[in-house]
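Work through these exercises with the model open. Try each task before you read its solution.

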Amino acid sequence: ASNAKKRGTPEGRAKAIDWSRQAHDSAQGSATRLRWGGSYVNALLELSPQDDKAVLSAAKQVIDELGANTVALTGNNRAVLDRMSNRLVAWNKDGSHNDVLAQLNEATKAACAADPGADRAWCETLFAPAKRA
């Protein structure tokens, strides 16, 4: 993916996104899938930031797997989610993607509710939509 990205062409960007998607899709183990899912979302944000539908779909898939696999929301897993959330919040700095963030925030709250050890206050902060003035 990084080699394709370095080309700097539209075809290279598309290939980089596809390689990132494939890395996530083929990853084994819940923590590994979480890490590669975060990388895939990051590739979309960097290389195709206008594609709200793809960003939402990829991020939602990562979050949905949290509840399905009962991934512990601690340690490295928590760090991956923090980074993914921070990148998405920065992508939404002007509030133009609030609907995407709101959906991800709700999905995260549901995943946290399925984890009895989850830090509920932390979960509330993930993927928080921008406040409108």
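**Exercise 1. Two neighbouring helices**

Is the crossing of H2 and H3 left-handed or right-handed? Describe how the pair packs as well.

*Solution.*
- Start with a caution: this is a predicted model.
- Find the axes. Those of H2 and H3 come within 8 Å and cross at roughly 165°.
- Classify the angle. Angles over 145 degrees count as roughly antiparallel. H2 and H3 are therefore roughly antiparallel to each other.
- Settle the hand. H2 and H3 cross in a left-handed way.
- List the partners. H2 brings Arg13, Ala16, Ile17, Ser20, Arg21, Ala23, His24, Asp25 and Ser26. H3 answers with Arg33, Trp36, Gly37, Tyr40, Ala43, Leu44 and Leu47.
- Sort them by class. The contact of H2 with H3 has eight nonpolar, four polar and four charged residues.

**Exercise 2. The whole chain**

How many helices and how many strands are there in the chain? Then describe burial and contacts.

*Solution.*
- Count the elements. The chain has seven helices and zero strands.
- Read them from the N terminus on: α-α-α-α-α-α-α.
- Check burial. The chain has 133 residues, and 41% of them count as buried.
- Look at contacts between residues at least 6 apart in sequence. Of these, 60% join residues at least 24 apart.

**Exercise 3. H3 against H5, H5 against H6**

At what angle do the axes of H3 and H5 cross? Do the same for H5 and H6, and compare the contact classes.

*Solution.*
- Take H3 and H5. Their axes come within 10 Å and cross at roughly 15°.
- Angles under 35 degrees count as roughly parallel. H3 and H5 are therefore roughly parallel to each other.
- The H3 and H5 crossing is left-handed.
- On the H3 side, the contact uses Ala31, Leu34, Arg35, Gly38, Val41, Asn42 and Leu45. On the H5 side are Asn77, Val80, Leu81, Met84, Arg87, Leu88 and Trp91.
- By class, the contact of H3 with H5 has nine nonpolar, three polar and two charged residues.
- Now take H5 and H6. Their axes come within 10 Å and cross at roughly 155°.
- H5 and H6 are therefore roughly antiparallel to each other.
- H5 passes H6 in a left-handed crossing.
- Leu88, Val89 and Trp91 of H5 meet Val100, Leu101 and Leu104 of H6.
- Sort this contact too. H5 with H6 has six nonpolar, no polar and no charged residues.

**Exercise 4. The largest nonpolar core**

Which residues have the most contacts inside the largest nonpolar core? Say where the core comes from.

*Solution.*
- Size the core. The largest nonpolar core has 33 residues.
- Pick out those with the most contacts inside it. They are Ile63, Leu73, Leu81, Met84, Leu88, Leu104 and Phe127.
- Trace the sources. H2 (10–26), H3 (30–47), H4 (52–69), H5 (75–91), H6 (98–113) and H7 (120–125) each give two or more residues.
- Rank them. H4 gives the largest share, eight residues.
- Zoom in on Met84. Leave out residues up to four places away in sequence. Met84 then touches Gly38, Val41, Ala59, Val62, Ile63 and Phe127.

**Exercise 5. Phe127**

Where is Phe127 found? Report its backbone angle and its burial.

*Solution.*
- Place the residue. Phe127 is in the segment after H7.
- Recall the usual case. Most residues other than glycine have a negative phi.
- Read the angle. Phi of Phe127 is near 60°, a positive value in a residue other than glycine.
- Judge burial. The cut-off is under 20% relative accessible area. Phe127 has 0% relative accessibility, so it counts as buried.

**Exercise 6. Far in sequence**

How far apart in space are Arg33 and Glu65, C-alpha to C-alpha? Treat Ala111 and Ile63 in turn.

*Solution.*
- Locate Arg33. It lies in helix H3.
- Check its burial. Arg33 is buried, with a relative accessible area of 15%.
- Compare the separations. Arg33 and Glu65 are 32 residues apart in sequence and 8.6 Å apart in space, C-alpha to C-alpha.
- List its contacts, leaving aside neighbours within four places in sequence. Arg33 is in contact with His24, Asp25, Ser26, Ala27, Gln28, Gln61 and Glu65.
- Move to Ala111. This residue lies in helix H6.
- Ala111 is buried, with a relative accessible area of 8%.
- Ala111 and Ile63 are 48 residues apart along the chain. Their C-alpha atoms are separated by 7.1 Å.

Definitions and conventions: Residues numbered from 1 in each chain as written. Predicted model: local features only at pLDDT ≥ 70, side-chain atom pairs only at ≥ 80, totals over all residues. Heavy atoms only, no water. Core = buried A, V, L, I, M, F, W, Y, C linked by side-chain atoms within 4.5 Å. Buried < 20%, exposed > 50% of the residue type's maximum accessible area, 1.4 Å probe, protein only. Helix = DSSP H or I, 4+ residues; strand = E, 2+ residues; numbered from the N terminus. Contact = heavy atoms within 4.5 Å. Axes fitted to C-alpha atoms, helices over the stretch in contact; angles between N-to-C directions. Parallel < 35°, antiparallel > 145°, perpendicular 65-115°, else oblique. Left-handed = near helix turned anticlockwise from the far one by under 90°. Nonpolar A, V, L, I, M, F, W, Y, C, P; charged D, E, K, R; others polar.
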